Amino acid sequence: MKTSITNPRITGVLGVLLWVGLWHFAALAINEPLYLPRPLEVLERLVTILGEKDLPIILAASTLRVLTAFAFSTLLGVGLGTLCGLHPTLENLFKPLVSLIRATPVISIIILAIVWLSSSNVPIFTGILMCFPIIWVSTVKGIQSTDPLLVEMANLYQVSSLRILHKVYLPGALPALKAGLVSALGLGFKVIAASEVLSLPRFAIGSLLHDAKVYLEIADLVAWTLIIIALSAVFEGLLEKSLALLTRSKEVNPL
Amino acid sequence: MICLKNINLAYDDTPIFEDFNLSLNHNEISGILGASGIGKTTLINIIAGITPVQKGTVHGLDHQELSYIFQEPRLLPTETVYDNLSFVLHKHYPDPRKRREVILRNLDLVGLLDALNRYPFELSGGMKQRLSIARAFAFPSRVLIMDEPFKGLDVKLKSTVMEAFKRSYQAMHKTVVFVTHDLDEVLDLSDRVFVLGSRPAKVLATEVILREPGHRTPLENMDKKRASLLKSLL
């Protein structure tokens, strides 16, 4: 079988090699690990970090914060988003609040949260405030993009509201909602890491990022960043897969 | 009898109906014929209670007892043929066995028994409209409202879909009210025809097309009736 250069897997691997190569040459050119460590140095630190005894606790604690914030945001965002999507008056009431949260710089929210809450709750609070608007907006959009003729048909045939929600609105809203959930989870990992850097809870990737910055251990900083990226990618992938399984027959077929 | 009395309705000061009256018999197929844009769909929406009127009343109709065949099939894209019917029947047939029996009987009448587990995107345009006919007949209604149900179908498909309608109608008589701009459809299906014309809309002519009881074959003078209806349309 012939292997094509346009094969997405091959081009993907080539892409990674290209950018890592560029990083390597840039690090060689700069020749100052404090500014930019070489990929091999980062890999060495990564291997050391991966062998550390506390790593599972640190990863679990940070991931738990992300998942808690994500679960709360999903409950709030989907619940309120559905109600607001169905009732424009309610949507108008919530819109200013959601727009305000979206426009507020994440750093302001983190600092306020540090003033208000204990250090271990700051990342969760910040995560909720950052993820909720994305899920709310995608739910509202999804509900409102449902075919009104199908809703009219279901109402004329006196189908119960709960059944209409389940069989008409949910499949109509799913594409937008899925996209919103996945991007909210990705954002959750970034925001919570940032929040941990400033609030410094015990057992947190962000706290270790902070230490790496303070002690100018740039290779460690990049290695922890790679760990966050990997965690985020794994959980986004898991979420996409579970949503696909859960909604296999529920999505509107594009054909 | 379904009676529309002194119906008044205007959109942006343009009167659509002004003191409009119409009486439709139960257990008949009443065809309402009229040119496009005359207000046929509005009239059927008034009968169905979808469009509220500014003045006038509609008597002799319980809105809980209506089923519909729309211009477009309006099927749930994520549900199978079977589940599309089950969706509207849940409340009225809570017993799954009874519900299944009703669904299978109606799908059989429209020739979709083999397509039970298929999704709407796997069906042709004609099959989709046959499914919407099965849904309307399966629903325990006394009155069936149809808004140009054969519009947009080519000649061959239209004939298949009309046959499916006739089979379902013969099996389960309902009061049928339908609007169309197609003279042939009206002559083929109706027991009584009302020709709607001018604006504000008026009933210009009423024609009774008699058929043998239990059969859909017209008795006599169809050519004359066609000519008379055509004349009133022009």
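## A walk around chains A and B

Start by selecting Glu79(B) and Lys167(A): the two form a salt bridge, with their closest N and O atoms 3.5 Å apart. Keep in mind as you click around that this is a predicted model.

**The interface around that pair.** How many salt bridges does the rule find across the interface of chain B and chain A? It finds 2, the Glu79(B)–Lys167(A) pair being one that meets the 4 Å cut-off. Switch on polar contacts next, and you should be looking for 6 residue pairs between chain B and chain A, both partners at pLDDT 80 or more.

Now colour chain B by secondary structure. Strand E5 (66-69), helix H2 (81-89) and helix H4 (125-138) of chain B each put at least two residues into the side that touches chain A. Which of these gives the most? E5(B) does, with 3 residues. Colour that side of chain B by residue class and you get 13 nonpolar, 6 polar and 6 charged residues.

Zoom out to see the whole contact: 25 residues come from chain B and 19 residues from chain A. For a surface view, the area buried between the two chains is about 2,100 Å², with carbon and sulfur atoms giving 64% of that. Then pick out Arg74(B), Thr78(B) and Phe87(B), since no other three residues match them: this trio supplies 33% of the area that chain B buries against chain A.

**Inside chain A.** Hide chain B and split chain A into domain 1 (1-31) and domain 2 (34-251). Their contact draws 7 residues from domain 1 of chain A and 7 residues from domain 2 of chain A. Put a marker on each C-alpha centre, and the two markers sit 30 Å apart.

What is buried between these domains? About 610 Å², of which carbon and sulfur atoms give 86%. On the domain 1 side of that contact there are 6 nonpolar residues, 1 polar and no charged ones. Hunting for salt bridges between domain 1 and domain 2 of chain A turns up 0, and the polar-contact count there is 1 residue pair, both at pLDDT 80 or more.

**Last stop: a hairpin in chain B.** Bring chain B back and select strand E1 (residues 2-11) and strand E2 (residues 14-24), which pair in the antiparallel sense over 7 bridges. Show Ala10(B) and you'll find it opposite Pro15(B) in E2(B). The hairpin has 2 residues between its strands, and Asp12(B) in the turn has a positive phi of about 50°.

Terms used. Residues are numbered from 1 along each chain as its sequence is written. Chains are lettered from A and ligands numbered from 1 in the order in which they are written. This is a predicted model: local features need pLDDT of at least 70, side-chain atom pairs count only at pLDDT 80 or more; totals for chains, interfaces and linings use all residues. Side-chain values use heavy atoms; hydrogens and water are left out. Two strands pair if DSSP finds at least two bridges between them. Helices (H or I, at least four residues) and strands (E, at least two) are DSSP runs, numbered from the N terminus. Domain bounds come from an automatic or database domain assignment. Contact means heavy atoms within 4.5 Å. Buried area is the accessible area (1.4 Å probe) that two parts lose on being put together, summed over both. A salt bridge is a side-chain nitrogen of Lys or Arg within 4 Å of a carboxyl oxygen of Asp or Glu. A polar contact is a pair of N or O atoms within 3.5 Å; within protein, one must be able to donate a hydrogen and the other to accept it, and residues adjacent in sequence count only if both atoms are side-chain atoms. Ala, Val, Leu, Ile, Met, Phe, Trp, Tyr, Cys and Pro count as nonpolar, Asp, Glu, Lys and Arg as charged, and the others, Gly among them, as polar.
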